[in-house]
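Visitor: Please take one part of this structure and describe closely how it is built and what lies against it.

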Amino acid sequence: MRAETVAANVLALPRLLRARGIATDAEHGRLLLRALAEVDLGKPGDVRAACRAVLVRRAGDLAAFDEEFDRFWASLRGAATWTDAARHGSPRRLPEPQEVPVGSFAGSAPPRVERVVRVIASAAEQLRARDFAAMTAEERAAAARFVERLRWSPGERRGRRFRRAGSGARIDARATFHRMTRDSGEPLELVRRRPIPQRRPLVLLCDVSGSMEAYTRILLHLAHALARRWGRVEAFTFGTRLTRITRHLRHRRADMAIAHVSHAVPDWSGGTRIADALAEFSRRWSRRVLGRGAVVLLCTDGWERGDPAKLAQEAARLQRASYRLIWLDPFSATAGYRPEAGGARALVARADDHLSVGTLDGLAAVAVALDRAGSGRPVRKQ
Amino acid sequence: MEGEHRWSSPDDVARALHAERYVADRPLAVTLFLAARLGRPVFLEGEAGVGKTEVAKVAAAALGRRLIRLQCYEGLDLATAVYEWDHPRQILEIRLQEAAGRAAEARGRIYTEDFLIKRPLLQAIDPAGGPAVLLIDEVDRADEEFEAYLLELLSDFQVTVPELGTFRATTPPFVVVTSNRTREVHDALKRRCLYQWIDHPTAERELEIVRLRLPEVPERLRAAVVRAVQALRGMDLFKRPGVAETLDWAMALEALGTRAVDADVLDRTLGVVLKYEDDLRHVRETAMPALVEAAGAR
């Protein structure tokens, strides 16, 4: 490969990466050129390492980078210049996401006129105690709006950073001394400080298997509302596999966000292996998202197809790693419900709270429980 | 400390690190070389125990620079990371000056470098100290507020102390930032850096590392330990052992005077490599034969 060919075409690489969702800007382009001026362009391995060091910023993008780099390199081999190649064959597009209906809720249309909004809003009041599974499409849409409007706050914890406060509990020795040096060495005034409260991170694990179908969409609204209002939220779905949907929930509009999620999640309405999903979460994610006193909301009915003993073990691990593990269960409010299935028993034993989310009243209670759970030491079942 | 070195190529970097008993793979050598040439910080990410911190230490030795380390934690503030005035000594000085009848002069004398406690970040850019390698270790443990400050420091390598003036590095420090990914570090910080993911080493490279680090351990034992650790990494574990554990294990077996690596000795020393009870149980109950076989394989 001629060095000039590489140099002339290398700026196509950031463009290819952008198409794969790896953001780069002009500054990266400049840095890339500087970096390539330093390495031996005759060595593909070095060129790759240099491009990777400049253009990639997270481990999750490494595989996509390598693929694009291979394509880029191959096209340099074949085509005269990349720009020619780009003109003829457009860069490969991501495969079209598969259209997957979100449970039976797919048809919830936004209201067309304002009058309808009001009618439905008042209808929400009557809907509060009704199970989501028994609602019509319009009622569910109204319920979703109700959820989006709830005030969510998983509480704050005491931070390790302080600010000055007249009535703070601790004396700020540094500031007091500083003032003393100003006032010729006399301790005239004690400066006080208090910790700055920090928002608690929230992690949402949402079961999207068949048995949860009627509740999935409302729970996604819950996830969206939390992500919008609270910010520090990581969300995952699981059925037969675990999918991180945090990024998809960022869209301001709930319906758009949920459409993104439904494209991204491959295992709607299938079976569940809760223990496997929790195990994967523990291995791959818990160290990254459960720091700093995170509250975990586990939304599932606890119908485990696998071994309940394994579920108990994984739930225990999840509980130990989190500040508080809250199990949101759509069925627990149903008349005559007892957590008798093996999976449900395992979860009851390990969750700090077991709350019902089958109805709007249930969800409102969750909001209250979260607000309470957030501060103070966690009270644990032993 | 002997004179400062400059790296002339990625090969040169790999050689220099090897001389300091660190085995770098090619991408890491290229990244370090570029970081030195372009004056950019290196951002090292990877699981615990793959040798991220070690990179900074050996880079300092290889470059002939002093190593300055800042261990991050939540609530890390400027007084611990950058500088702080030694107020008790200042007050003492005021008293001394008063006793000598020079109270009026005291004010001007106490805000000098004599009363300034330099913390790692200021030390690293202080021209008086000479060129440095600055290791900002486990930046994911610090909070966003500190990250924002770091961003500022890494872009212009200067610190202003209002009472005293501005410190500016004559030779910018070679900066190594490490993260264990206990949270996502902000993109803005990563953008200033060259990114390098460090993975667990291949069997070949790991054996090379053990050989270089533990020349006193017999080759047969080294090879057995590397094979066993590689087998463990392939298992379904909560925490896969890092290179640090491999070295510990080899040393532990050597200390026990192990001749043959059998099920018994592996079982007794498993706690050296696996630090979670679930993982220990999993391996003891289901994977012991596989582990013994891996260790014994020729």
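Guide: The answer below starts with one sheet, moves to a helix beside it, and ends at the partner chain. This is a predicted model, in which local features need pLDDT of at least 70 and side-chain atom pairs count only at pLDDT 80 or more, while totals for chains, interfaces and linings use all residues. Residues are numbered from 1 along each chain as its sequence is written, and chains are lettered from A and ligands numbered from 1 in the order in which they are written.

Consider chain B as a whole before its sheet. Its C-alpha trace spans about 80 × 40 × 35 Å along the principal axes. The chain contains 14 helices and nine strands (DSSP runs numbered from the N terminus: H or I of at least four residues for helices, E of at least two for strands). Of its 298 residues, 40% are buried (20 or more other C-beta atoms within 10 Å of a residue's own, C-beta atoms being placed from the backbone; 12 or fewer would be exposed, and values in between partly exposed). Among contacts (C-beta atoms, placed from the backbone, within 7 Å) between residues at least 6 apart in sequence, 76% join residues at least 24 apart.

The sheet itself is open and has five strands in chain B, in the order E2-E5-E8-E1-E9, with parallel pairing (at least two DSSP bridges between two strands). At its edges lie strand E2 (66–71) and strand E9 (194–197) of chain B, each pairing on one side only. From one strand to the next the twist averages 20 degrees. Within this sheet, strand E5 (residues 132–137) of chain B runs parallel to strand E8 (residues 174–179) of chain B, and four bridges join them. Across this pair, B:Leu135 stands opposite B:Val176 in E8(B).

Against the sheet packs helix H2 (residues 26–38) of chain B, which touches E8 and E9 of chain B as well as strand E1 (42–45). The direction of H2(B) makes about 160 degrees with that of E9(B) (axes are lines fitted to C-alpha atoms, for helices over the stretch in contact, and angles run from 0 to 180 degrees between N-to-C directions).

This helix also leads to the partner chain. The axes of H3(A) and H2(B) come within 10 Å and cross at roughly 110 degrees. H3(A) is therefore roughly perpendicular to H2(B) (65 to 115 degrees; under 35 is roughly parallel, over 145 roughly antiparallel, and the rest oblique). From H3(A), the contact uses A:Arg34, A:Ala35 and A:Glu38, and from H2(B) it uses B:Leu34, B:Arg37 and B:Leu38. By class, these are three nonpolar, no polar and three charged residues (Ala, Val, Leu, Ile, Met, Phe, Trp, Tyr, Cys and Pro are nonpolar; Asp, Glu, Lys and Arg are charged; the others, Gly among them, are polar).

The meeting of the two chains extends beyond this crossing. In total, 30 residues of chain A are in contact with 34 residues of chain B. On the chain A side, at least two residues each come from helix H3 (26–38), helix H4 (44–55), strand E1 (156–164), helix H9 (173–182) and helix H12 (274–289). H4(A) gives the largest share of that side, seven residues. By class, the side of chain A that touches chain B has eleven nonpolar, eight polar and eleven charged residues.

Terms used. Two residues are in contact if their C-beta atoms, placed from the backbone, lie within 7 Å.
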